[in-house]
Amino acid sequence: MAELISNPVELGFSDFVSKLISDTFEAVITTSVNQEEDWQQLGELLSQQIDVFTDLVIDGQSVENEIKRLFPDGEGGSLIKKGLDYKKANPEKNIDEHPTINFYTGYQPKGSSLTEEDVIEIYRSVKNILGKKQYDVLSNVFSKGATRVIVDAGRINAKLNFEILQVEEGEEDPGDPVVGDPRPSLSRIFVKRKFPGFIGLARPTEMRNVHFFVKPPTDKDPQTSQVKANVYGEVEINFKTVS
């Protein structure tokens, strides 16, 4: 015979609510700690020399992507390769630079084709430009003071679906449950026994025709021996920014 479930505690409802609250609180605290660590790391990063800063924040793939953006070859690659042609600008003869290396980087190749040294210098120049831009952006943010997103308000809801069945007056009392019958007795409210000799509470007169079931709302069979409940939580949190 399946054990009758007659109150939320036996369904682990209090454990569920406790876990929901503790996990939400832990998430808020963890986020606050991460914000403080991020600001501290940002301060340490900006205290480095610009060359060291650039090496820490700009990787090779970022440089490669920027090279392709600045000097595209029309096929997904770039014009910055050893042996490729280079044309120096000559305003007096109305000749434009191609590719526009000096215009974007300030570096001026000497020959009519790119050497290995030219390619290395162009990549280094582009990397330094990216690093300087990143440094300026982060310095501007850091100079405004630490900005923190904190929880301003909110609420946590834990929900458990119940079903209450009202029987008609004069309907025959099904009596005490028999083996295999999951119905609770109408004369007692079943609770989990907690003290020796305590077997339950007397049902109030106005409750004598009320059957109390705990089961999922999709359960179509009131005689099922597997009594379940639909338990779920909702967390609503409002944030505000403090600078």
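**Notebook: salt bridges, helices and core**

I searched the whole structure for salt bridges and found six. The model is a predicted one, and I keep that in mind throughout these entries.

**Entry 1. Overall layout**

I noted five helices and six strands in the chain. Reading from the N terminus, I recorded the order of elements as α-α-α-α-α-β-β-β-β-β-β. I then looked up burial and found that 22% of the 243 residues count as buried. For the accessible surface of the chain I recorded about 16,800 Å², with 53% of it belonging to carbon and sulfur atoms. Among the contacts with a separation of 6 or more, I found that 67% are between residues 24 or more positions apart.

**Entry 2. Helix α1**

I turned to α1, which covers residues 13-46. This helix has 34 residues, and its first and last C-alpha lie 50 Å apart, close to the 50 Å expected at 1.5 Å a residue. I listed its buried residues as F13, L20, T24, Q35, W39, L42 and L46. What do the buried residues of α1 pack against? I found α2, α5, β1 (148-160) and β6 (231-242) as their partners.

I then examined a salt bridge in this helix, between the side chains of D23 and K19, with an N to O distance of 2.7 Å. Both residues lie in α1, four residues apart, about one turn of the helix. I noted the general reason for such a spacing: an α-helix has 3.6 residues a turn, so residues three or four places apart point the same way. D23 has a relative accessible area of 34% and is therefore partly exposed. K19 is also partly exposed, because its relative accessible area is 48%.

**Entry 3. The pair in helix α3**

I looked next at R69 and E66, whose side chains meet in a salt bridge at 2.7 Å, N to O. The two residues both lie in helix α3, three residues apart, about one turn of the helix. I recorded the extent of α3 as residues 60-70.

Is each partner buried or exposed? R69 has a relative accessible area of 54%, so R69 is exposed. E66 stands at 13%, which means that E66 counts as buried, the cut-off being under 20%. I also looked up the other surroundings of E66: leaving out residues up to four places away in sequence, E66 touches V126 and L130.

**Entry 4. A pair between strands**

I examined a further salt bridge, in which the side chains of E236 and R155 meet at 3.5 Å, N to O. This pair links distant parts of the chain, with E236 in strand β6 and R155 in strand β1, 81 residues apart. I found E236 to be partly exposed, because its relative accessible area is 39%.

**Entry 5. The largest nonpolar core**

I counted 14 residues in the largest nonpolar core, and those touching the most other members are I67, F71, I80, I101, L114, I122 and V126. Which elements give two or more residues to this core? I recorded α3 and α5 (116-143). Of the elements, α5 gives the most, with four residues.

I took I80 as one of the core residues to follow in detail. Setting aside residues up to four places away in sequence, I80 touches I67, F71, P99, I101, L114, V119, I122 and Y123.

**Entry 6. A nonpolar surface patch**

I then looked for nonpolar residues on the surface and noted a patch formed by I21, I156 and V235, with about 230 Å² of accessible area together. I21 lies in helix α1. With a relative accessible area of 44%, I21 is partly exposed, because the value falls between the 20% and 50% limits.

**Entry 7. L56 in helix α2**

I closed with L56, which I placed in helix α2 (residues 50-57). L56 counts as exposed, because its relative accessibility is 56% and the cut-off is over 50%. Beyond its neighbours within four places in sequence, I found L56 in contact with L45 and Q48. I also looked up the separation of L56 and G131: they are 75 residues apart in sequence, and their C-alpha atoms are 9.1 Å apart in space.

Methods: Residues are numbered from 1 along each chain as its sequence is written. This is a predicted model: local features need pLDDT of at least 70, side-chain atom pairs count only at pLDDT 80 or more; totals for chains, interfaces and linings use all residues. Side-chain values use heavy atoms; hydrogens and water are left out. Buried means under 20% relative accessible area, exposed over 50%, partly exposed in between (1.4 Å probe, protein chains only). Contact means heavy atoms within 4.5 Å. A nonpolar core is a set of buried Ala, Val, Leu, Ile, Met, Phe, Trp, Tyr and Cys residues joined through side-chain atoms within 4.5 Å. Patches are made of residues with over 30% relative accessible area and no salt bridge: like charges are joined within 9 Å, nonpolar side chains (Val, Leu, Ile, Met, Phe, Trp, Tyr) within 5 Å. Accessible areas come from the Shrake-Rupley method with a 1.4 Å probe; for residues, only the protein chains shown count as cover. A salt bridge is a side-chain nitrogen of Lys or Arg within 4 Å of a carboxyl oxygen of Asp or Glu. The expected span of a helix is 1.5 Å times one less than its number of residues.
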